[in-house]
Amino acid sequence: MAIGLDVETPPEPDDPDYDYEKCPFYGELPVRGQVLEGIVASADMDKTVIVEREYDVFVPKYDRYMKRRSRVPAHVPGVLDHVSVGDRVKIAETRPLSKTKSHVVVEVTADELELGPVDPTEAADEAESEDGDVTTEAPAGEQ
């Protein structure tokens, strides 16, 4: 079922206990109003992410632009559970879902932070190979 936006529809969930009430793709949740893009700043809550947007505002007094930032809480439907911090997402406005949530994630467009977990032993090996030889210095007080 199309939601009226140019986004790809994810596959339907197999879970019989799926929350269709708060799903814009396979449920009854209408999507209307603003469609915003941003980067996921926090994914600590259950079924909620904080999407951070950065935009420029013109300041006439100084004839310059100033950066502003807004953080929008958004609901994550069960079919898009793979959203994590650093992902670039598209969110759409909907009816109020809770006290603070009035947006829902409709698309994960890209992975902004493409850094995997860093292993400390690998980082030390890379540092040794760059320098060639490893020297250790004595602390300033000892000689």
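Is Glu54 buried, partly exposed or exposed? At 48% relative accessibility, Glu54 counts as partly exposed. The legends below describe a predicted model, and Glu54 returns in the view of its salt bridges.

**Figure 1. Overview of the protein, with one helix and five strands.**
Along the sequence, the elements come in the order β-β-β-β-β-α. The protein has 143 residues, and 31% of them count as buried. Among contacts with a separation of 6 or more, 53% join residues that are 24 or more positions apart. The protein exposes about 10,200 Å², and 47% of this area is supplied by carbon and sulfur atoms.

**Figure 2. Close-up of the salt bridge between Glu52 and Arg71.**
The closest N and O atoms of this pair are 2.8 Å apart. Glu52 belongs to strand β2 and Arg71 to strand β3, so the salt bridge ties together parts that are 19 residues apart in sequence. With a relative accessibility of 23%, Glu52 counts as partly exposed. The count of salt bridges in the model comes to four. Side chains of opposite charge can pair when their charged atoms come close.

**Figure 3. Close-up of the salt-bridge network of Glu54, Lys67 and Arg69.**
Glu54 meets Lys67 in a salt bridge with an N to O distance of 3.5 Å. Lys67 lies in strand β3 and Glu54 in strand β2, so this pair ties together parts that are 13 residues apart in sequence. Glu54 also meets Arg69 in a salt bridge, here at 3.1 Å from N to O. Arg69 lies in strand β3 and Glu54 in strand β2, so this second pair ties together parts that are 15 residues apart in sequence. Lys67 is exposed, with a relative accessible area of 60%. Arg69 counts as exposed at 53% relative accessibility, while Glu54 is partly exposed at 48%.

**Figure 4. Close-up of the negative patch on the surface.**
Four residues gather in this patch of negative charge: Glu12, Asp14, Asp15 and Asp17. Glu12 is located in the segment that precedes β1, a strand covering residues 31–42. The relative accessible area of Glu12 is 47%, so this residue is partly exposed. A residue needs over 30% relative accessible area and no salt bridge to be part of a patch.

**Figure 5. Close-up of Lys47, a residue with positive phi.**
Phi of Lys47 is near 65°, a positive value in a residue that is not glycine. Most residues other than glycine have a negative phi. Lys47 is placed in the loop between β1 and β2, the latter strand covering residues 48–59. With a relative accessible area of 43%, Lys47 is partly exposed.

**Figure 6. Close-up of Asp63, in the loop between β2 and β3.**
Strand β3, which comes after this loop, covers residues 64–75. Although Asp63 is not a glycine, its phi is positive, at about 55°. Asp63 counts as exposed, with 57% relative accessibility.

**Figure 7. Close-up of His82, in the loop between β3 and β4.**
Strand β4 covers residues 87–94. His82 counts as exposed at 54% relative accessibility. Leaving aside neighbours within four places in sequence, His82 is in contact with Asp87 and Val108. His82 and Val108 are 26 residues apart in sequence, and their C-alpha atoms are 9.0 Å apart in space.

**Figure 8. Close-up of His103, a residue of strand β5.**
This strand covers residues 103–111. Is His103 buried or exposed? The relative accessible area of His103 is 11%, so it is buried. Not counting residues up to four places away in sequence, the residues that His103 touches include Gln34, Leu36, Val72, Pro73, Ala74 and His75. His103 also touches Ile91, Ala92, Glu93, Thr94 and Leu97 under the same limit on sequence separation.

Terms used
Residues are numbered from 1 along each chain as its sequence is written. This is a predicted model: local features need pLDDT of at least 70, side-chain atom pairs count only at pLDDT 80 or more; totals for chains, interfaces and linings use all residues. Side-chain values use heavy atoms; hydrogens and water are left out. Patches are made of residues with over 30% relative accessible area and no salt bridge: like charges are joined within 9 Å, nonpolar side chains (Val, Leu, Ile, Met, Phe, Trp, Tyr) within 5 Å. Accessible areas come from the Shrake-Rupley method with a 1.4 Å probe; for residues, only the protein chains shown count as cover. A salt bridge is a side-chain nitrogen of Lys or Arg within 4 Å of a carboxyl oxygen of Asp or Glu. Lys and Arg count as positive and Asp and Glu as negative; His and the chain ends are not counted. The place of a charge is taken as NZ of Lys, CZ of Arg, CG of Asp or CD of Glu. Helices (H or I, at least four residues) and strands (E, at least two) are DSSP runs, numbered from the N terminus. Buried means under 20% relative accessible area, exposed over 50%, partly exposed in between (1.4 Å probe, protein chains only). Contact means heavy atoms within 4.5 Å.
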